[in-house]
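Let's walk through this one together, starting with a pair of helices and then moving on to the charged side chains. Keep the viewer open as you read.

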Amino acid sequence: NNEPQLRAKKNSNIIVVRPREARSAEGTLQNSTSPENWSVSDGRYEVDLNLTNALWRWGQLRLSTHPTMSPNCYIAISQVSDHVDNFEVSLSGDITAVVTSILPTPEHLRRRDTPRGFLRLWDGTGPSRSDPMPDSVVNANAGQSIADPPEQVLVRIEKILKAISSAEQPDTTCAGVKAPLALCGRVINAIIWEEDLWNLIQRDGIISIGSFIRLRNINNAMLPSVSRVNCLSVHAKSSLTPLPQDTYEVKMLLKGHDTRLQRGVPTNPTSAILPSESAPRPQFTRREAAISGFSMLNECLHKPAPATFTVQFEVSHTLPASNLNAIDTLKSFCAKQRNGSAVFRFAMHIKDASAEVDVICHGKVAEDLLGMSAQEVSTNVAKCTQALATLKGYISSGSVCEGKIRSVMGKDKRVYFVLCSMFCITS
């Protein structure tokens, strides 16, 4: 391509120098010329650490501000057709995505010609749904989170956006992008065929759920054991690279997803919901609430879980986002259980003068709230219409609700709020 190139000859010697810690505790890039802060692959040679430090920092900043893959090779999940009748390889290239699940093929089902395992991937593009898992891994991975993308992905995205906003170098790529409360876009399967690559994933743990990765030279394929479902194939000539959190393509992925949410693209019904922050917030005056027997939301955030509170609040919106003029909105509030039955699972963003939190609505409480069961969403238009009217009443400007919420501590040590009951006191 007529650009300067370097070529290693037979007698060439390559020395790898890397920082022992890429970032400080504050998240800033390593900036040191002290030998103890650098790892040198061959200690027999003297290394210019001033030059090394400058080159490494230049490389990190370039990685963050310039594309690292050719646009001619880029593919997105949105380009993978949903279903195929007469399968043929029609798509190949490189993809940047987030790992939402790591699914090994059970040992007793492994053969020379079977996949070693599967990754489930999300990149914020495509229709908001999650493809079915391969039959061979469903039972073996029954313990995995039903939410897909799971909470780990949302928490990881939140941490990345916070790190970008506090970076030492001004970065406007993700300016204004907020951590999403739920994700839109398709979750797709990727087949891992090679034993060595699967060992790196499963045994050596080079990636985990929530990792951003680059897959090169992959193509579409038919998902084994699931009729006419398209997926991605990672084969012998493919490669997998874990990506730093501030890689240019990672930031563009998050910006593109935020743009879709701003356009009103509905979130994936199976997406997890970003947990409310349990960090301490500024103190507030609780006198009026104490006199009336109610708790303020800020008090709910401070008190250790589990605890139950009676609160008065406004409802600003639902999660997933809802179009209260479309019956299909209620379908996005439903999640399918492993036995095939449907159950309501959504959240409401509530607020008062002191704070705002997300409360989870599910099961019988959600049915009482909407006045219908999840099974009736597909069969009873009249009840759907009435449920939407009820939601409009809760969310409309000036409406004030009263209810009981309960704080619980999740297995991940984060605090969640669950709705126990509520009614509108201004209607």
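In this predicted model, helix H5 has 15 residues, which at 1.5 Å a residue should span 21 Å, and its end C-alpha atoms are indeed 21 Å apart. Follow H5 past its end and you come to Gly264, which has a positive phi, near 95°. Along H5 itself, the buried residues are Glu249, Val250, Lys251, Leu253, Leu254, His257, Asp258 and Arg260. What lies over them? The cover on the buried residues of H5 includes helices H1 and H3 together with strands E3, E4 and E6.

Since H1 is part of that cover, let's turn to it next. Helix H1 takes in residues 49–65, 17 residues in total, and reaches 24 Å from its first C-alpha to its last, close to the 24 Å expected. At its start, Asp48 offers a side-chain oxygen that comes to within 3.1 Å of the backbone nitrogen of Asn50.

Which residues of H1 are buried? They are Leu49, Thr52, Asn53, Trp56, Arg57, Gln60 and Ser64. Seen down the helix axis, these buried residues fall within an arc of 125°, so they line one face of H1. The spacing has a simple background: an α-helix has 3.6 residues a turn, so residues three or four places apart point the same way. On the face turned away from the buried side, H1 carries the exposed residues Asn50 and Trp58. The buried residues of H1 are covered by parts that include strand E1 (17–19), strand E2 (38–40) and helix H5 (248–262).

Now for the charges. Side chains of opposite charge can pair when their charged atoms come close. How many salt bridges does a search of the whole structure find? The search finds 13, and three of the pairs are worth a visit here.

Begin with Arg216 and Asp94, whose side chains meet in a salt bridge at 3.0 Å, N to O. Arg216 lies in strand E6 (residues 212–222) and Asp94 in strand E3 (residues 92–104), so this pair ties together parts that are 122 residues apart in sequence. The two partners have their own surroundings: Arg216 is partly exposed, with a relative accessible area of 30%, whereas Asp94 counts as buried at 7%.

A second salt bridge joins the side chains of Glu195 and Arg116, again at 3.0 Å, N to O. Glu195 sits in helix H4 (residues 195–202) and Arg116 in the loop between E3 and strand E4 (117–122), so that distant parts of the chain, 79 residues apart, are linked. Glu195 is partly exposed, at 32% relative accessibility, while Arg116 is buried, at 9%. Glu195 and Arg116 also belong to a network of salt bridges, in which they are linked with Arg110.

Finally, look at Arg186 and Asp131: they form a salt bridge with their closest N and O atoms 2.8 Å apart. Arg186 is in the loop between helix H3 (151–165) and strand E5 (187–192), and Asp131 is in the loop between E4 and helix H2 (135–138), so the pair ties together parts that are 55 residues apart in sequence. Are these two partners buried or exposed? Arg186 counts as buried, at 0% relative accessibility, and Asp131 counts as buried too, at 3%.

Notes
Residues are numbered from 1 along each chain as its sequence is written. This is a predicted model: local features need pLDDT of at least 70, side-chain atom pairs count only at pLDDT 80 or more; totals for chains, interfaces and linings use all residues. Side-chain values use heavy atoms; hydrogens and water are left out. A salt bridge is a side-chain nitrogen of Lys or Arg within 4 Å of a carboxyl oxygen of Asp or Glu. Helices (H or I, at least four residues) and strands (E, at least two) are DSSP runs, numbered from the N terminus. Buried means under 20% relative accessible area, exposed over 50%, partly exposed in between (1.4 Å probe, protein chains only). The expected span of a helix is 1.5 Å times one less than its number of residues. The arc is that of the directions from the helix axis to the C-beta atoms. Contact means heavy atoms within 4.5 Å. A polar contact is a pair of N or O atoms within 3.5 Å; within protein, one must be able to donate a hydrogen and the other to accept it, and residues adjacent in sequence count only if both atoms are side-chain atoms.
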